[in-house]
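Me: Please take a close look at how this structure is packed, paying particular attention to its nonpolar core and the places that touch on it. Start with the order of the secondary-structure elements.

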Amino acid sequence: MSSTIYEPVRTPPPASRDSTASGARVAKVLSGAGEASQSGIWVGIFAITMSFAAFTSALFVRQGSAADWTHIALPPILYGNTLALLLSSATLQMARRALAAVPSAEPHAVRMGLGWLMATLALGFVFVAGQFEAWRQLAAQGLYLATNPNSSFYYVLTAMHGLHVLAGIVALVLVMGRIVASGAAFRKSTFEATATYWHFMGVLWLYLLLVLRTKL
Amino acid sequence: MEETSAQQAHVHAPPEGFLRKYVFSLDHKVIGKQYYALALLAVSMGMALSWLMRFHLVWPTTRIPGLELISKAGAPGGIITPEYYLSLLTMHGTLMVFFVLTNAPFAAFGNFFLPIQIGAEDMAFPRFNMMSFWTTLAAFLVLILAFVIPDGPPISGWTSYAPLSAVGKDAGPGMGWGMNLWAISIAIFCIGSLLGALNFIATTLDLRAKGMTLMRMPICTWAWFITSCIALLAFAVLLPACILLILDRTAGTSFFIPSGLVVSDRLQPHSGGSPLLWQHLFWFFGHPEVYIAILPSMGIVSHILINSMRKPLLSARVIIYSMMSIGFLSWMVWGHHMFVSGMNPFSSLLFSFPTLTITIPATIMTMIWMGSLYGANIRINAASLFALGFISMFVSGGVSGFFLAQPSIDIVLHATYFVVGHFHMVMGVASIFGVFAGTYFWFGKMTGRMMNETLGQLHFWLTFIGTYCIFMPFHYLGLVGNVRRYSAFVNDYTGPLLPLHKFITIAALCTGAAQLIFIFNLIYSRYKGAPAPENPWNGTTLEWSIPSPPPWNNFGGKHPVIYHDPYQYDVKGSKGDYIMQDSPEPSAG
């Protein structure tokens with residue numbers, strides 16, 4: 001009798017016992033298993049989402065806990081920053097499209113991809129600088145981190161998002177370094193994971209902008 | 001995502017040089033051992049602290065020689081002040097919960113065995129893996145730095161309730177830089193744990209060997225996987241909480257500090273914050289943390305019991321589903337720590353219901369273990385004894401949870417020794433029993449030498465009896481109203497309880513001393529133990545298909561192929577009553 005407590009195996013065991021097969025990743029043969037860097041980045045995105053959910057719920061609780069919640073006017077430059085970040089997602093998509101053709105059309109495609117990545121990077125820097133400028137404008141109005149709960153949350157949320165964008169910039173620089181160093185032989189999985197992360201930064205910022213606009 | 005995959009990291013030659021091999025190693029096995037060593041150091045410190053506390057409770061005026069050297073202000077003349085007692089319990093709790101109960105069953109064993117059990121060469125992101133250990137070590141160093149700074153360790157307890165944790169040194173000794181160090185340490189710890197959890201999840205999802213479907217993973221692999229999902233969410237919430245706390249303490253914000261708060265005769269320059277907010281954020285992490293501590297031990301214990309009984313559990317699938325539902329429910333129960341916090345009493349009811357619901361999967365698991373043990377011809381050794389001890393502790397400690405989960409009863413029992421007894425047994429001792437069981441079971445695989453069995457069994461009986469002697473009376477103390485965190489009970493209504501406290505202290509000193517047997521056994525066996533064969537327990541899972549200790553790339557460059565569910569015991573195989581997971585021979589029937 002079968003004493004196994006699991007479901008009986010429906011699919012026959014793999015016929016090949018070729019254990020030396022390949023440097024290809026073993027798990028790829030499993031249905032549903034994918035690239036570790038892709039799942040890694042999605043798991044990371046999940047954790048970051050959770051962190052910002054915690055910050056946001058702290059904001060809601062804090063708003064209800066006392067009558068000192070006052071309205072602050074968001075610096076208009078934030079909308080320019082938003083545009084820069086969204087554009088950077090678009091340029092990153094262009095880079096992806098260019099680099100997707102890499103094995104066939106090498107030098108040209110790599111150069112195109114690098115160009116679009118450069119644009120992405122520049123827009124990323126524009127966003128971070130713009131966020132910094134927004135802080136300066138708030139400070140000029142006398143609104144600092146500890147001035148009131150609204151300004152506290154403004155600085156905390158934008159700083160946390162900014163740190164994550166900086167991490168994305170570092171990742172982009174490293175990816176570009178790889179492409180420059182190894183040309184067409186760069187690893188696509190790292191690039192794809194970075195791209196996913198970068199797009200998420202844009203989505204996260206849109207959410208935060210909504211929260212800042214409606215709540216602060 | 002600057003990271004090389006496991007495959008790439010190992011395409012090259014094995015690591016050379018002392019630093020790469022043993023210190024900044026990318027090898028999940030070395031990292032697992034590093035976590036284990038850190039947990040061992042932390043548990044020794046935590047236990048020493050509990051000795052000091054127990055000693056002071058019953059002999060408050062007796063001088064402890066040398067203690068004044070550690071803290072002149074905290075123990076003038078070798079006698080612990082009430083404030084220093086609180087410092088000791090804060091550090092005890094923090095060390096134990098974070099650096100022992102999170103590190104040992106989850107990070108240490110998980111790192112070593114999860115990749116092997118799924119047939120991978122390493123974790124998905126070896127560099128992140130190394131980073132998560134070194135981040136955790138940094139957190140540890142920052143925490144114990146509090147012992148040596150003039151301010152001393154914080155007195156806030158491991159939960160660091162606001163607003164006193166947020167107002168700075170007005171709140172007492174240790175609440176200046178000591179508390180800062182605590183908050184910074186925990187924030188760093190969160191980052192390390194998040195990296196670790198991310199790695200565990202990606203590894204489990206993507207690096208499984210050919211044929212290793214999810215349901216063919218051993219129960220402990222499942223437990224580590226579920227735990228990492230919980231840890232990912234829990235630490236992602238504690239990190240923002242710590243950031244807000246640090247800002248309240250250092251930047252003058254008012255997230256947690258209400259208006260008009262006077263501490264030490266000084267009006268605090270904050271307004272409008274919500275002390276309950278800290279409790280909500282902390283316990284939203286804190287309750288799942290309990291399951292981060294206990295789930296891996298449940299997995300390890302199931303794994304060992306099956307091997308010792310030489311037959312499968314009644315249903316391993318239901319064990320896995322129960323662990324999942326415990327993990328799921330853990331997100332809805334944080335408020336049961338706050339029944340008397342001033343939260344809306346109606347919310348207590350809402351939190352009480354899912355709390356009681358958790359007893360259903362917990363009971364199902366216990367029933368499966370007990371039912372499988374019924375009539376089983378279990379192989380008795382140190383590992384299986386500790387596994388059985390785990391069930392005993394889990395049940396004894398868990399039953400008091402029924403009482404605490406009811407808001408009306410909790411009003412009486414809250415902040416008494418009843419609660420302390422409850423969580424020490426169910427979360428602390430039970431989880432540590434899982435670690436002991438895992439150590440006796442896997443030590444041969446980890447080091448290449450077997451642990452001494454006689455010493456192991458002696459260690460079990462002394463620890464088993466000892467921990468019951470320590471923690472069972474706690475429930476009684478709590479029922480008669482003995483409040484926790486008091487540093488002495490000489491002249492008040494708790495005076496008649498002193499003999500019982502003395503008994504507990506003596507039991508604690510003896511049980512602690514019995515752990516020296518374990519330490520001796522670890523060190524002695526590491527160098528002088530009998531050489532470990534490849535498969536000393538006739539196990540079926542992948543860790544038993546490779547040499548002890550495993551080579552640097554686990555499977556010697558081969559890729560295992562999986563043909564069976566993990567626990568093919570009680571069958572006719574070519575080697576005896578079991579068939580290995582990677583053996584192509586058909587299982588009977």
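Reply: From the N terminus on, chain A runs α-α-α-α-α, which amounts to five helices and zero strands (helices are DSSP runs of H or I with at least four residues, strands runs of E with at least two, numbered from the N terminus). The model is predicted, so local features need pLDDT of at least 70 and side-chain atom pairs count only at pLDDT 80 or more, whereas totals for chains, interfaces and linings use all residues. Residues are numbered from 1 along each chain as its sequence is written, while chains are lettered from A and ligands numbered from 1 in the order in which they are written.

Of the 216 residues of chain A, 35% count as buried, that is, have 20 or more other C-beta atoms, placed from the backbone, within 10 Å of their own, with 12 or fewer for exposed and partly exposed in between. Among the contacts in chain A with a separation of 6 or more, 78% are between residues 24 or more positions apart, a contact being two C-beta atoms within 7 Å.

Turning to the core itself, the largest nonpolar core has 232 residues, and Leu232(B), Phe386(B) and Ala437(B) have the most contacts inside it (such a core is a set of buried Ala, Val, Leu, Ile, Met, Phe, Trp, Tyr and Cys residues joined through C-beta atoms within 7 Å). Helix H8 of chain B, residues 219-250, gives the most to this core, contributing 24 residues. The surroundings of Ala437(B) can be listed in full: once residues up to four places away in sequence are set aside, Ala437(B) touches Ile300(B), Val301(B), Ile304(B), Ala383(B), Phe386(B), Ala387(B) and Phe390(B). Phe386(B), one of these contacts, is itself among the residues with the most contacts inside the core.

Two helix pairs in chain B can be described by their geometry. H8(B) packs against helix H9 of chain B, residues 275-309, with the axes 8 Å apart and at an angle of about 160 degrees (axes are lines fitted to C-alpha atoms over the stretch in contact, and angles run from 0 to 180 degrees between N-to-C directions). H8(B) and H9(B) are therefore roughly antiparallel to each other, a description applied to angles over 145 degrees. The second pair consists of helix H12 of chain B, residues 382-404, and helix H14 of chain B, residues 417-447, whose axes come within 8 Å and cross at roughly 160 degrees. H12(B) and H14(B) are, on the strength of this angle, also roughly antiparallel to each other.

Within helix H8 of chain B lies Leu245(B), which counts as buried because 27 other C-beta atoms lie within 10 Å. Apart from its neighbours within four places in sequence, Leu245(B) is in contact with Ser165(B), Ala166(B), Ala183(B), Phe256(B) and Trp278(B). Along the chain, Leu245(B) and Glu585(B) are 340 residues apart, and their C-alpha atoms are separated by 59 Å.

Ser165(B) also appears in the surroundings of Met179(B), a residue found in helix H7 of chain B, residues 177-206. Met179(B) counts as buried because it has 29 C-beta neighbours inside 10 Å. Its contacts, again not counting residues up to four places away in sequence, are Pro154(B), Ser156(B), Ser165(B), Gly174(B) and Arg249(B). The C-alpha atoms of Met179(B) and His303(B), which are 124 residues apart along the chain, are separated by 40 Å.

The loops of chain B hold some backbone features of note. Most residues other than glycine have a negative phi, and most peptide bonds are trans. Ala162(B) and Pro163(B), however, are joined by a cis peptide bond with omega about 5 degrees, and Pro163(B) has its place in the loop between helix H6 (126-148) and H7 of chain B. A cis peptide bond likewise joins Ser548(B) and Pro549(B), where omega is about -15 degrees; Pro549(B) lies in the loop between helix H16 (498-528) and strand E3 (568-573) of chain B.

Positive phi values occur in the loop between strand E1 (262-263) and strand E2 (266-267) of chain B, where Ser264(B) is found and where Asp265(B) also lies. Phi is near 50 degrees for Ser264(B) and near 65 degrees for Asp265(B). Ser264(B) is exposed because 11 other C-beta atoms lie within 10 Å, and Asp265(B) counts as exposed with 6 C-beta neighbours inside 10 Å.

Methods
Angles under 35 degrees count as roughly parallel, over 145 as roughly antiparallel, 65 to 115 as roughly perpendicular and the rest as oblique.
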